[in-house]
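Trainee: I'd like to go through the helix packing and the core here, and check each label against its cut-off. Can we start with the angles?

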Amino acid sequence: MLAITSLLAPPSSDHINKLIKSLETEFGLTDVQATPEPHLTYQLVEPIDLNALKAGLRDIARTSHCFVAHTTGLGMFPGERPVIHIPVLRSDYLNHLHHRILEIAAPLCSRTDKYSAPDLWLPHVSLALHDTTPELLGPVLQFLNNQTFNLELEISNLALLHPVGDLFVREEVFMFGE
């Protein structure tokens with residue numbers, strides 16, 4: 001599976017990396033670091049034609065402009081391994097970009113994740129996942145409670161991330177307007 005994302009730029013990425021590092025120091029949470037660069041995920045895909053998918057994403061990026069996405073609060077996806085995240089507020093432009101990505105990806109992929117459907121998609125930046133437990137939630141949320149989560153994220157690219165061993169790394173980045 002590949003991830004279609006936007007990589008976050010400094011200073012937002014620096015702030016998020018500091019939060020992630022503090023969770024490692026305080027609680028030993030490291031699994032989120034399998035994707036070393038903070039990002040916003042639009043869709044997970046299994047491409048049938050990777051070159052055509054890249055061409056479609058390149059075209060979307062070329063015709064898109066940089067914008068600011070806003071975050072607020074702290075979120076959690078419950079379960080055996082809860083995901084702790086910073087919710088990204090949906091805007092008309094972010095929704096339109098997401099729709100364009102889905103439109104390009106659907107016919108070029110044998111599989112996509114159901115949580116990327118327009119009515120289910122909850123854009124977010126992950127802070128902890130896979131190595132969390134329900135028992136850790138209280139202490140982690142109490143620790144994070146004093147942090148600021150009202151961020152402005154500059155969205156300036158589309159990026160494909162692919163698995164290499166235990167990591168998800170850049171396959172290719174398409175800058176907006178280029």
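Mentor: Sure. Angles under 35 degrees count as roughly parallel, over 145 as roughly antiparallel, 65 to 115 as roughly perpendicular, and the rest as oblique. Keep in mind that this is a predicted model.

Trainee: Why are α1 and α4 called oblique to each other?

Mentor: Helix α1 (residues 12-27) and helix α4 (residues 134-144) pack at an angle of about 130°, their axes 11 Å apart. That angle fits none of the named ranges, so α1 and α4 are oblique. The crossing of α1 past α4 is right-handed.

Trainee: Which residues of α1 and α4 meet?

Mentor: From α1 you have L19, S22, L23, E26 and F27, and from α4 L136, P139, V140, F143 and L144. By class, this contact holds eight nonpolar residues, one polar and one charged.

Trainee: And what makes α2 and α3 roughly antiparallel?

Mentor: Helix α2 (residues 50-62) packs on helix α3 (residues 92-105) at about 155°, with the axes 9 Å apart. The cut-off is over 145, so this pair counts as roughly antiparallel. On the α2 side the contact uses L53, G56, L57, D59 and I60, and on the α3 side L97, R100, I101, I104 and A105. Those split into seven nonpolar, one polar and two charged.

Trainee: Which residues have the most contacts inside the largest nonpolar core?

Mentor: Y42 and L158, in a core of 44 residues. Beyond its neighbours within four places in sequence, Y42 touches several residues, among them L97, I101, W121 and L158.

Conventions. Residues numbered from 1 in each chain as written. Predicted model: local features only at pLDDT ≥ 70, side-chain atom pairs only at ≥ 80, totals over all residues. Heavy atoms only, no water. Axes fitted to C-alpha atoms, helices over the stretch in contact; angles between N-to-C directions. Helix = DSSP H or I, 4+ residues; strand = E, 2+ residues; numbered from the N terminus. Contact = heavy atoms within 4.5 Å. Nonpolar A, V, L, I, M, F, W, Y, C, P; charged D, E, K, R; others polar. Core = buried A, V, L, I, M, F, W, Y, C linked by side-chain atoms within 4.5 Å. Buried < 20%, exposed > 50% of the residue type's maximum accessible area, 1.4 Å probe, protein only. Left-handed = near helix turned anticlockwise from the far one by under 90°.
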